[in-house]
Amino acid sequence: MERSIIVTGASRGIGRSIALKAAEKGYQVCVNYKGAADKAEAVVREIEAAGGTAIAVQADMAIEADILRMFETVDTKLAPLAALVNNAGIVDKAAPVADMSLARLNRMFSTNITGPFLCAREAVKRLSTARGGPGGGIVNISSVAARLGSPNEYVDYAASKAAIDAMTIGLSKEVANVGIRVNAVRPGVIYTEIHASGGEPDRVERVKSMVPMQRGGEVEEIADAALWLLSEEASYVTGALLDVSGGR
Ligand code: NAD
């Protein structure tokens, strides 16, 4: 049966890899992006070239109207929704809590917490068997920062991911008997451009000596974990916080 998946922030990095692998697994893919239309379209073309189906949908995860429009677009253009990956996320420049402005905190929490909540809400409305839906899966991309706390760097980011962990646990219990599994992947340090947005492009090189496996992770290693959690192979897994972090 045809089914679709929404991957937020899928124009690059971990989200892009999840979108490509989801298409390989047979999902029709909504490649969400905020500003990089060209990169999102490139992901769509890559999926189509391999024989899959995908659409690029612009939506800012910090804006509710955008999120509603994204889900409505998927309702009309793709197969019934079966899965959501809350992947979009931001870090800010490294700073101690004492120097964090209200604007920074609002931006961090609206993007990393409120957006995933609203997406989860819209997904549950469509997936819940109690509401006539087919059931399905939600994977939240959290971070090991949620348990490390990221002092002097990104306590705001770590706190946002801890909120995502709590949402994963609570929502998983709320929807466990209406056909929906909710899990989180907690990446360690992964080679993506997020570190440049935080002002330190080579962060993985600096931090990798603290990783027991002595290396950074690749986006595909996170994507494989997310797709496994969505798969039938994980049919009895819900509320799990899966660290994919080289042992860190
Ligand atoms: P990335 O910066 O390459 O990707 C993040 C994506 O989210 C980008 O495409 C960005 O445009 C998008 N995005 C940001 N704000 C958005 C918004 N308001 N609306 C829609 N899209 C938005 O970084 P990544 O490393 O691929 O990050 C993916 C996820 O993995 C994030 O949630 C991040 O916190 C998490 N993570 C990454 C690492 C790492 O080391 N790379 C570690 C732990 C967790």
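**Exercise 1. In this predicted model, find the residues with the most contacts inside the largest nonpolar core, then trace which elements build that core.**

Step 1: Start with the core itself. The largest nonpolar core holds 34 residues, and the ones with the most contacts inside it are Ile5, Ile18, Tyr27, Val29, Val31 and Val185.

Step 2: Now map the core onto secondary structure. Two or more residues each come from the strands β1 (4-7), β2 (28-33), β4 (81-86) and β5 (136-141), and likewise from the helices α1 (13-24), α2 (37-49) and α9 (219-230).

Step 3: Who gives the largest share? That's α9, with 8 residues.

Step 4: Check for another core. There is a second, separate one of 28 residues, and Cys30, Val57, Val74 and Val178 are among its members.

**Exercise 2. Pick valine 185 and list its contacts, skipping neighbours within four places in sequence.**

Step 1: Going up the numbering, valine 185 touches a run from Val139 through Asn140, Ile141 and Ser142 to Ser143.

Step 2: Further along, valine 185 is in contact with Ile222, Ala225, Ala226 and Leu229, and finally with Leu242 and Val244.

Step 3: Put that beside the whole chain: of the contacts between residues at least 6 apart in sequence, 72% join residues at least 24 apart.

**Exercise 3. Describe the largest pocket by volume, centre, elements and residue class.**

Step 1: Its volume comes out at about 1,100 Å³.

Step 2: The largest pocket is lined by 49 residues, with Arg12, Gly89, Ile90, Val91 and Ile194 closest to the centre.

Step 3: Elements giving two or more lining residues are α1, β2, α4 (102-127), α5 (145-148), α6 (155-175), α7 (194-197) and α8 (203-207).

Step 4: Sort that lining by class and you get 22 nonpolar, 16 polar and 11 charged residues.

**Exercise 4. Do the same for the second largest pocket.**

Step 1: This one has a volume of about 340 Å³.

Step 2: Of its 19 lining residues, Arg3, Tyr27, Gly136, Leu230 and Glu232 lie nearest the centre. Tyr27 turned up in Exercise 1 too, in the largest nonpolar core.

Step 3: β4, β5 and α9 each supply at least two lining residues; the largest share, 3 residues, is from β4.

Step 4: By class, the lining splits into 9 nonpolar, 5 polar and 5 charged residues.

**Exercise 5. Does the radius of gyration of the chain agree or disagree with that of a compact globule?**

Step 1: For 248 residues, a compact globule would come in near 18 Å.

Step 2: The chain has 17 Å, so the two agree.

Step 3: For context, the C-alpha trace spans about 50 × 40 × 35 Å along its principal axes, and 51% of the residues are buried.

Methods
Residues numbered from 1 in each chain as written. Predicted model: local features only at pLDDT ≥ 70, side-chain atom pairs only at ≥ 80, totals over all residues. Heavy atoms only, no water. Core = buried A, V, L, I, M, F, W, Y, C linked by side-chain atoms within 4.5 Å. Buried < 20%, exposed > 50% of the residue type's maximum accessible area, 1.4 Å probe, protein only. Helix = DSSP H or I, 4+ residues; strand = E, 2+ residues; numbered from the N terminus. Contact = heavy atoms within 4.5 Å. 1 Å grid on protein atoms, 1.4 Å probe; cavity = no way out; pocket = protein on both sides within 12 Å on 5 of 7 lines; lining within 4 Å. Points joined across faces, edges and corners; volume = space filled by probe spheres on them. Nonpolar A, V, L, I, M, F, W, Y, C, P; charged D, E, K, R; others polar. Rg over C-alpha atoms; globule rule 2.2 N^0.38 Å.
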